[in-house]
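Student: I'd like to learn how to read a helix and a strand straight from a model. Can we work through one of each?

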Amino acid sequence: MSLSIQQHISLQPYNSLALPAYAEYFCSLDGEEDLLAALAYARAHQLQVTALGGGSNLVLAGDIAGLVIHLNTKGYSYCNGAEADSVDVTFAAGENWHQAVLTTLEQGWYGMENLSLIPGNIGAAPIQNIGAYGVELEDIFVSLRAVEIASGKLCSFTKADCQFAYRDSLFKNAARDQYIILDVTLRLSTKPQVNTRYPALQQAIADAQISEPLTPEKVSELVCQIRRQKLPDPTITPNAGSFFKNPLVESAAAEQLLERYPQMPNFPQPDKQTKIPAAWLIDQCGFKGITRGPVGVHKHQALVLVNNLREGGANGEQLLALAEELRDGVWKRFSIRLEIEPRVYGLVDQSKDRSGI
Ligand code: EPU
């Protein structure tokens, strides 16, 4: 065991928006024993603990006081799943999500392919219940193990415990910043099956004029292709994926909007609510492609805010100011409040809630 805690470390390489911010104390860990030792150190020195995963769903609004822990644990194990033709695969939190998808495809385990190329690590996936192209993490989730920051106690969470909802879970609400996720167990199928219901995926299949039966590998390839077309590569153009959640509005309110905007895409939900794409709302307000100094709205996807390094790079306050401008514009035109999707850290006044809830 070699616990090395450093002081005043730049977090710029650890967040996909490449925002400049410092951790008061920082350690990067690749083992659970080290993690428990780091938490004991934080308790002994009364340091607030912040866990960093792949940093792809994070806005650093300023420096982070206390100890920032970067968990870099690797590896996976598996056993037969409880259902026929299934396998339960447990990935360490520090594994890269997309690498894990590729590993499962190589092994002949299916179910993650629609979630190909999502940036970030395994440990972050349950926090916002990642989802794309018709599949959400909760569809394949079995359980996770985590350590409670305050006590160092190891705990397990079932799917029900996690209270998953659209881009939401217990870990964004009642349990926010209270646990560090150690590993995640997913139930995958050993029989190839594909889920191609999502409209953009159907379109890609039609465009590709595929004659042979679709395989999960091919679905993964198509999803990668769509994502590469629409979403900027965070290693080239720093971003955090969708910056806002797609808002849910009362279906009656959606009907009224549809009278004014018959072309508005809308997705009725089972609970008399309708999901409206935030990208469409932002786009309608004319914000797509705008720049404000070093920050801007991506030119191909209005839901993605970018940090333009060629313009000198932005800080978190500039990015959040742009987010406010978009929220304000959408509110004035549609009376819909957008909610920021990534987690915001490092605000001077932590009580100031910038998520828009
Ligand atoms: N649209 C616009 N303007 C744009 C972009 C999109 O009007 O600039 C319209 C499209 O025409 C479409 C609708 O908005 O009718 C939805 O667009 P898209 O299918 O691209 O999906 P999204 O709602 O923008 C969501 C997720 C993505 C996920 C895709 C595919 C959220 C917040 N975002 O995006 O997830 O990859 O669906 O499933 O739910 C992420 O969470 O970081 C993320 C990238």
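**Reading a helix and a strand**

Tutor: Sure, and keep in mind that this is a predicted model. Start with helix α9, where the buried residues are Gly316, Leu319, Leu320, Leu322, Ala323, Leu326, Arg327, Gly329, Val330 and Phe334.

Student: What should I look for in the spacing of a list like that?

Tutor: An α-helix makes a turn every 3.6 residues, so positions three or four apart point the same way. In α9, Leu319, Leu322, Ala323 and Leu326 are among the buried ones.

Student: How far apart are the end C-alpha atoms of α9, and what span should its 19 residues have?

Tutor: Allowing 1.5 Å a residue, residues 316-334 should span 27 Å; the end C-alpha atoms lie 26 Å apart, which agrees.

Student: And what goes on at the two ends?

Tutor: At the start, an Asn315 side-chain oxygen comes within 3.2 Å of the backbone nitrogen of Glu317. Just past the helix, Ser335 adopts a positive phi of about 55 degrees.

Student: Now the strand. Which residues of β7 point one way, and which the other?

Tutor: In a regular strand, side chains alternate between the two sheet faces. Here Ser86, Asp88, Thr90 and Ala92 point one way, Val87, Val89 and Phe91 the other, and all are buried. With seven of seven residues buried, β7 is largely enclosed by the rest of the structure.

Student: Which strands pair with β7?

Tutor: β6 (residues 76-80) runs antiparallel to β7, joined by five bridges, with Tyr76 opposite Phe91. The two form a hairpin with five residues between them, and Asp85 in the turn has a positive phi of about 50 degrees. β12 (residues 179-189) also pairs with β7 in the antiparallel sense, over seven bridges; there Thr90 stands opposite Thr185.

Notes. Residues are numbered from 1 along each chain as its sequence is written. This is a predicted model: local features need pLDDT of at least 70, side-chain atom pairs count only at pLDDT 80 or more; totals for chains, interfaces and linings use all residues. Side-chain values use heavy atoms; hydrogens and water are left out. Helices (H or I, at least four residues) and strands (E, at least two) are DSSP runs, numbered from the N terminus. The expected span of a helix is 1.5 Å times one less than its number of residues. Buried means under 20% relative accessible area, exposed over 50%, partly exposed in between (1.4 Å probe, protein chains only). A polar contact is a pair of N or O atoms within 3.5 Å; within protein, one must be able to donate a hydrogen and the other to accept it, and residues adjacent in sequence count only if both atoms are side-chain atoms. Two strands pair if DSSP finds at least two bridges between them.
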